[in-house]
Amino acid sequence: MINFLHNTAFSLAGIPLAIYTLVCLAAVPPILWLYRFATRQQPLRGVPIVTLDGQKPEEGWYAKPRELLIKGRKQYPDQPFQVLSYSGPKLVLPQRYLEEVRDSPNAAFAPYVVGDMPWNLPGFDGFLAMYKHQSLIPEVLRVKLTQSLGLITEGLAEEGIMVTEELFGKLAPGQWHNITLLAEATKIISRFTARTMLGEEMAHDPEYVNLTIRYAGVAFPAALQLRRWPRYLRPIVQYFTPLCQKARCEARTARKLITKEVERREKLARAAIAAGQKVSKTHDSVGWVLEQSKTDGKLDLVGFQLAIFTAGIHNTGGHLFTALWYIIAYPKYIQLLREEAISVLKEYGWTRQALGRLRLQDAVHRECLRILRSNLATARRQVVKGDLKFSDGFTIPKGRNFVVMPPADYQGENEPFYPERWIEKRAGEGQANKHAFVAANIENQEFGVGKHACPGRWFANDEMKIALCILLLRYEWKAPPGMQKPLFAACEDFPTFESTVQVQITPREPEIDLACPKI
Ligand code: HEM
């Protein structure tokens, strides 16, 4: 080494080349630091910054977002404040700005969420699809999927009966069995999603269904983990991060598994579109995407499927889990919900009309949504196009990320579990839709508000109601001694469901023929 450093055979102006190399290498970190400093968004002047004591500001937002937001609200009631995140400062607005946010064309959802994701790295193909097709994906769900729901209710019920049989069919009657609630609820939702998006054959391929669960289970945490690193280091760090390695591997497997099926459907859909016909309304998200897509072009149809795994499975699985947990913890609802399901299904069969009449169940799901989401910020947005100027003069410059705080009187888990509150609210004149589970408005903001409110919520509604009817009619449920309350946590502004909570289940004979309940 010493010889190499002094070797004038490799020299410029008498200084050995090796010295140049060392100087250049030593200069890299300060240059990168300067670059980061120069390109990093700075906090907005004049808006206070809130941090948690004894914690790096970014880590506070990463690991304890609820505490941070509650502290901010206490310190600055009804006033904007800022939190610092690994991807820059975020403004937190009080509730009074929500209506203007809802109506502003300058406030966009996808750049806030996906812009922070490593969408340009291998393995994150779902985020790339969302990033590239920011309006197409929500449109496909809002228009095509939602319009098809009436046609797929029976199919979903059939799938629900099949999947519960596979999961719990071998459990001996007359004995109580422990099951891990979150894992089983997520499996049910993944089957519904697979069947709806790519049809029965894919839904019955265990390798594929397991992959749909695993992909979102690694892509999201991997993306969140990468946020701790500066953007310019992420392309390197990803190779040493086990979760990113897993995400790459799962994305490759997904491509291998679904490309053939996606291409087959693409061919059929293109032929139908070319012949001026409508594509199939059921079990064909590929057809929906192609029909809805105006640009056509370079749409990654496999990426679209991965985007749906990440947006729809764990979210809904987590909510079904929460609903079941609360019903088991407050068992008087088990019998009430059963009676409601029997009377409604007997009259209407497996139809959307029936799902709309499950009033108590609707209220249970809304109550769970309130509990889970109410302490997290709502309406996550990035200012796009131009600055966002509010009527009181407060202005957020273009490119800034912000969220809106929930109403101050929302107490989430601190309020008792009382689903009846929603039945009472819905009984008021003209209030039935306003407080339904799928409502997304200023009073009920857990699915967001306005143009960017969750476009998958009608599907989530149907999935959860069908699943719960089947699960309650086919099984008895009870809490094992000392059943723990699940930890409803969050990472940044994403609710996280990590639970090993077990509950007890035993088979029962349903009062109606679930395959054909209408009398
Ligand atoms: C109980 C289950 C679910 C909950 C609680 C939920 C919640 C949300 C929330 C809070 C937003 C952001 C809205 C805003 O900030 O204004 C959102 C957006 C979104 N959700 Fe859901 N969601 C659920 C299920 C689903 C499902 C099943 C799908 C897909 C099949 C889905 C797809 C999406 C998409 C694509 C967006 C982005 C909308 C846009 O960019 O405009 N969600 N969801």
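**Sheets, helix crossings and the ligand shell**

One open sheet in this structure has 3 strands in the order β6-β14-β11, and the pairing is antiparallel. The edge positions are taken by β6, residues 177-180, and β11, residues 475-478; each has a single partner strand, so one side of each lacks a neighbour in the sheet. On average, and ignoring direction, neighbouring strands of this sheet are turned by 40° against each other. I should say at once that we are looking at a predicted model.

Let me stay with this sheet for a moment. How many bridges pair β11 with β14? The antiparallel pairing of β11 with strand β14, residues 502-507, runs over 4 bridges. Within that pairing, tryptophan 477 has isoleucine 505 of β14 as its bridge partner.

I turn now to the second sheet. This is an open sheet of 5 strands, ordered β3-β4-β10-β7-β5, and its pairing is mixed. Here β3 (81-85) and β5 (107-108) stand at the edges; since each has a single partner strand, one side of each is left without a neighbour in the sheet. Inside the order, β7 and strand β10, residues 401-404, run antiparallel and are joined by 3 bridges. Threonine 378 is placed opposite valine 404 of β10.

Strand β7 leads us to the ligand. Which elements each supply at least two residues of the shell around the ligand? They are α8 (136-168), α15 (301-329), β7 (378-383) and α20 (457-474). Helix α15 gives the most, with 6 residues. In total, 24 residues surround the ligand, and the closest are Gly312, Gly448, His452, Cys454 and Gly456. By class, the shell holds 15 nonpolar, 7 polar and 2 charged residues.

Two of the helices that contribute to the shell, α8 and α20, also take part in helix crossings that I would like to describe. Two packed helices are described by the angle between their axes and the distance between the axes.

I begin with α20. Its axis and that of helix α16, residues 332-348, come within 9 Å and cross at roughly 110°. The two helices, α16 and α20, are therefore roughly perpendicular to each other. Their crossing is left-handed. On the α16 side the contact is made by Ile334, Leu337, Arg338, Ala341 and Leu345, and on the α20 side by Cys469, Leu472 and Leu473. The residues of this contact between α16 and α20 comprise 7 nonpolar, no polar and 1 charged.

Next comes α8. This helix packs against helix α14, residues 285-292, at an angle of about 110°, with the axes 10 Å apart. That angle makes α8 roughly perpendicular to α14. In this case the crossing of α8 past α14 is right-handed. From α8, the residues Leu136, Glu139, Val140, Val143, Lys144 and Leu145 meet Trp288, Val289, Glu291 and Gln292 of α14. The contact of α8 with α14 contains 6 nonpolar, 1 polar and 3 charged residues.

The last crossing involves α9 and α11. At what angle do these helices pack? Helix α9, residues 181-198, and helix α11, residues 206-226, pack at about 115°, and their axes are 9 Å apart. With that angle, α9 is roughly perpendicular to α11. The passage of α9 across α11 is a right-handed crossing. Helix α9 contributes Thr186, Lys187, Ser190, Arg191, Thr193 and Ala194 to the contact, while α11 contributes Tyr208, Val209, Thr212 and Ile213. What classes of residue make up this contact? The contact of α9 with α11 has 4 nonpolar, 4 polar and 2 charged residues.

To close, I return to the ligand: the shell draws 6 of its residues from α15, and Gly312, His452 and Cys454 are among the closest.

Notes
Residues numbered from 1 in each chain as written. Predicted model: local features only at pLDDT ≥ 70, side-chain atom pairs only at ≥ 80, totals over all residues. Axes fitted to C-alpha atoms, helices over the stretch in contact; angles between N-to-C directions. Parallel < 35°, antiparallel > 145°, perpendicular 65-115°, else oblique. Left-handed = near helix turned anticlockwise from the far one by under 90°. Contact = placed C-beta atoms within 7 Å. Nonpolar A, V, L, I, M, F, W, Y, C, P; charged D, E, K, R; others polar. Pairing = 2+ DSSP bridges. Near = placed C-beta within 6 Å.
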